[in-house]
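Open the model in a viewer and keep the selection panel at hand. Each stop below says what to select and what is found there.

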Amino acid sequence: MDKLKIADKEFDSRLLIGTGKYASNDIMAGAVAAAGAEIVTVALRRVDIDNENDDLLAAIDRTKYLLLPNTSGARDAEEAIRLARLARAASGINWVKLEVTPDPYYLLPDGSETLKAAETLVKDGFVVLPYINADPILAKKLQDVGTATVMPLASPIGSNQGLKTGDSIEIIIEQATVPVVVDAGLGLPSHAAEAMEMGADAVLVNTAIATAGDPVGMAIAFRRATEAGRLAFNSGPAGTGGGAVASSPLTGFLRNE
Amino acid sequence: MTLILKINGVDKGFADDRTPENLSELLDDLGISQATVVAEIDGLIINRKDFARTPLQPGQAIELVRFVGGG
């Protein structure tokens, strides 16, 4: 499989994994390993000073996985920038998944605030991976200000609805000079395969694996689907047609005509 | 004088005889592992290596954050 290159790093895996919603850190670690992932996303939250907190980082081997902190919870550019800087202090690396979601119901990203935050963070030396609506114009503006990827959503986050924004993502892929990571809403391995077949460079999956009956099994399924989709894309998919075209010879039938 | 700090949005008082001298002592007092926490005092990020030499002043707003699972 060809390598995925984001900023100055190369990856064998094209499946990024989110670490939220797992029943335990052990199950999360098992699923991340089974997925063959090399990039895992994490969120930043206040410590609960009255209760003992699980240490997520103890479950993630930082020598194997690149930690990608997100700015989830940010409602505008200012909050996202603050979270990104805190995350850099906590992780020691300058990669950030930028998300600005003022709308609490659909959690759809705010394009103008995301662009504003991206400009500041890029200037501040961050490797910025912005989560966006499948908006080709915004995607171009973001890559123009120096983001390392664009990450259009397939459907609302956590909805498992699959690739509802496929037509727009195709345009984003066609125009992109940075990797396109399809994020949010991929509910089944076939959805991931579909995105990869279209030419997405990678996919990011969390809910569909974390909340599956068997997260490790589902992680393997997503891994294979992501690889299959990439291989199909690289192999040049055959064209579609309106009528039937026989695959078998139309001569030499066992009958006299 | 009792030291009162606003920690993660909640006022917390410390009696005179157990007042933490610096951020490192505060985390110990709260039973929070320093290896995984990042702190912000009045909007300014304090790097982990500076915890022990960051004195605390009454009324400071301290944010203590750490990574949790997220997508």
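Select A:Tyr131 and A:Met151: these two are bridge partners, with A:Met151 sitting in strand 8 of chain A. This is a predicted model. Widen the selection to strand 7 (residues 127-132) and strand 8 of chain A, which pair in the parallel sense over two bridges.

Add strand 6 to see the whole sheet. It is an open sheet of three strands in chain A, ordered 6-7-8, with parallel pairing. Strand 6 (95-98) and strand 8 (151-152) of chain A are the edges, each pairing on one side only. Strands of a sheet pair through backbone hydrogen bonds, either parallel or antiparallel.

Next, show helix 3 (residues 111-123) of chain A. Helix 3 lies across strand 6 and strand 7 of chain A, and its direction makes about 175 degrees with strand 7.

Now pick A:Leu98. Which residues does A:Leu98 touch, leaving aside those up to four places away in sequence? The contacts include A:Thr114, A:Ala117, A:Ala118 and A:Leu121, and also A:Val128, A:Leu129, A:Pro130 and A:Tyr131. A:Thr71, A:Ala80 and A:Ala84 are among the others.

From A:Leu98, expand to the largest nonpolar core, which has 93 residues; A:Leu98 and A:Val203 have the most contacts inside it. Helix 2 (residues 77-91) of chain A is the element that gives the most to this core, with eight residues. In soluble globular proteins, nonpolar side chains tend to be buried together.

Move to helix 1 (residues 25-35) of chain A. Its buried residues are A:Met28, A:Ala29, A:Ala31, A:Val32, A:Ala34 and A:Ala35. What do the buried residues of helix 1 pack against? Within chain A, their partners are strand 3 (15-18), strand 4, helix 7 (207-210) and helix 8 (215-234); strand 5 of chain B is a further partner. Just after helix 1, select A:Gly36, which takes a positive phi of about 70 degrees.

Keep strand 5 of chain B on display and add strand 4 (residues 39-46) of chain A. The two strands run antiparallel and are joined by five bridges. To find one of the partners, select A:Arg45, which is bridged to B:Arg66 in strand 5 of chain B.

Then show the contact between the chains in full: 28 residues come from chain A and 20 residues from chain B. On the chain B side, strand 3 (38-41) and strand 5 (61-69) are the elements that give two or more residues. Strand 5 of chain B gives the most, with seven residues. Colour that side by class to see ten nonpolar, seven polar and three charged residues.

Go to A:Thr240, in the segment after helix 8 of chain A. Is A:Thr240 buried or exposed? A:Thr240 counts as exposed because it has 5 C-beta neighbours inside 10 Å. Draw a distance from A:Thr240 to A:Glu227, 13 residues apart along the chain: their C-alpha atoms are separated by 22 Å.

Finally, zoom out to chain A, which has eight helices and ten strands. Along the principal axes, its C-alpha atoms fill a box of roughly 85 × 40 × 35 Å. The radius of gyration of chain A is 20 Å, which agrees with the value near 18 Å for a compact globule of 257 residues. Of the 257 residues in chain A, 48% are buried. Among its contacts between residues at least 6 apart in sequence, 63% join residues at least 24 apart.

Conventions: Residues numbered from 1 in each chain as written. Chains lettered and ligands numbered in written order. Predicted model: local features only at pLDDT ≥ 70, side-chain atom pairs only at ≥ 80, totals over all residues. Core = buried A, V, L, I, M, F, W, Y, C linked by C-beta atoms within 7 Å. Buried ≥ 20, exposed ≤ 12 C-beta atoms within 10 Å, placed from the backbone. Helix = DSSP H or I, 4+ residues; strand = E, 2+ residues; numbered from the N terminus. Contact = placed C-beta atoms within 7 Å. Nonpolar A, V, L, I, M, F, W, Y, C, P; charged D, E, K, R; others polar. Pairing = 2+ DSSP bridges. Rg over C-alpha atoms; globule rule 2.2 N^0.38 Å. Axes fitted to C-alpha atoms, helices over the stretch in contact; angles between N-to-C directions.
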